[in-house]
Amino acid sequence: MSTEASVVCLSGGQDSTTCLYHALDRYPRVHAVSFDYNQRHRVELECAAAIAAAAGVEHIVMRVEPFAQLADASLTNPAIPSRMDAADTGNTYARQRGLPSSFVPGRNIIFLGLAAAFGVPRGFETLVAGVCSTDDAGYPDCRADFVDSLQQTIRIGMDCPGFVIDAPLLHRTKAETWAMADELGVLELVRTATHTCYEGVRAELHEWGHGCGACPACETRARGWAEFSAGTTTDAAG
């Protein structure tokens, strides 16, 4: 079943949307799952719903309440500025580990576990996730050793030896993720319909998409777009 059906963790952002179309290109059956965890901005859930509808895939939203109680991450606590380094905020856990204030402890453990628990009993034995080890944030739950370990844990814990975590962006840069969206024929959709900005800004459409242009997420996205565009221009000129 792992080669036939997949569940995609769809946040509404650039990475997960690219992964959704990767899944549609690869698997005959695709279902999207999003998570409402009282995140700083609900606009990403609105984007996820619209993207899933446009792609013609079934989509559910799971409520995950406890994150605001687990740690003072800027993604779950509006009182913590997302533009500030963790050293300047109340996210002590992240600061002690040299991680950004946006890090939510346990988020991907819980999200991927829930997605697997939803998908495996329904015959969706592949989980597609947009985790990326090359992101500037350097989240520990976006690294290859985490993905490999969790895949094995879920295989054991759910008695599903064929379970697979498909993480197509794991070793890609943001420029390479833009290139992948281009190869899949959804570059413009990813540019205009997805949401990455930590500040929730969608009023202005930049060359690289919507956002405030100043938060870490926007800076990473914009830099990746610039590198992708430069590569495209160079290739075309060559």
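**Exercise 1. How many of the 13 residues of helix 1 are buried?**

Solution. The structure is a predicted model, in which local features need pLDDT of at least 70 and side-chain atom pairs count only at pLDDT 80 or more, while totals for chains, interfaces and linings use all residues. Residues are numbered from 1 along each chain as its sequence is written, and side-chain values use heavy atoms, with hydrogens and water left out.

Step 1. Fix the terms. Helices (H or I, at least four residues) and strands (E, at least two) are DSSP runs, numbered from the N terminus. A residue is buried under 20% relative accessible area, exposed over 50%, and partly exposed in between (1.4 Å probe, protein chains only).

Step 2. Apply them. Ten of the 13 residues of helix 1 are buried, and the helix is thus mostly covered. The buried residues are Q14, D15, S16, T17, T18, C19, L20, Y21, H22 and A23.

Step 3. Check the length. The expected span of a helix is 1.5 Å times one less than its number of residues. For helix 1 (residues 14-26) this gives 18 Å, and the end C-alpha atoms are 18 Å apart, which agrees.

**Exercise 2. Describe the chain as a whole.**

Solution.

Step 1. Consider the secondary structure. The chain has nine helices and seven strands.

Step 2. Consider burial and surface. Of its 238 residues, 50% count as buried. The chain exposes about 10600 Å², of which carbon and sulfur atoms supply 51%; accessible areas come from the Shrake-Rupley method with a 1.4 Å probe, and for residues only the protein chains shown count as cover.

Step 3. Consider contacts (heavy atoms within 4.5 Å). Among those between residues at least 6 apart in sequence, 69% join residues at least 24 apart.

**Exercise 3. Examine the salt bridges and state which parts of the chain the pair D36 and R63 ties together.**

Solution.

Step 1. Recall the principle. Side chains of opposite charge can pair when their charged atoms come close. A salt bridge is a side-chain nitrogen of Lys or Arg within 4 Å of a carboxyl oxygen of Asp or Glu. The structure holds six salt bridges.

Step 2. Locate the pair. The side chains of D36 and R63 form a salt bridge with an N to O distance of 2.7 Å. D36 belongs to strand 2 (residues 29-36) and R63 to strand 3 (residues 58-63), so the bridge ties together parts that are 27 residues apart in sequence. D36 is buried, at 4% relative accessibility, whereas R63 is exposed, at 51%.

Step 3. Find a further partner of R63. The side chain of E65 also meets R63 in a salt bridge (2.4 Å, N to O). E65 is partly exposed because its relative accessibility is 42%.

Step 4. Turn to helix 8. E188 forms a salt bridge with R191, with the closest N and O atoms 2.9 Å apart. These two residues are three apart in helix 8 (residues 187-193), which means that about one helical turn separates them. E188 is partly exposed at 46%, and R191 is buried at 14%.

Step 5. Join the bridges that share partners. Such salt bridges link D36, R42, R63 and E65 into one network.

**Exercise 4. Is T194 buried or exposed? Describe its surroundings.**

Solution.

Step 1. T194 lies in the loop between helix 8 and strand 6 (205-206). T194 counts as buried because its relative accessibility is 0%.

Step 2. List the polar contacts (a pair of N or O atoms within 3.5 Å; within protein, one must be able to donate a hydrogen and the other to accept it, and residues adjacent in sequence count only if both atoms are side-chain atoms). The side chain of T194 reaches the backbone oxygen of V190 at 2.5 Å and makes a polar contact with the side chain of R221 at 3.0 Å.

Step 3. Leaving out residues up to four places away in sequence, T194 touches several residues, among them G12, G13, Q14 and T17.

**Exercise 5. Which backbone oxygens lie at 3.4 Å from the side chain of H210?**

Solution.

Step 1. H210 is found in strand 7 (residues 209-210) and is buried, with a relative accessible area of 14%.

Step 2. A polar atom of the H210 side chain lies 3.4 Å from the backbone oxygen of T192. The side chain of H210 also reaches the backbone oxygen of E204 at 3.4 Å.
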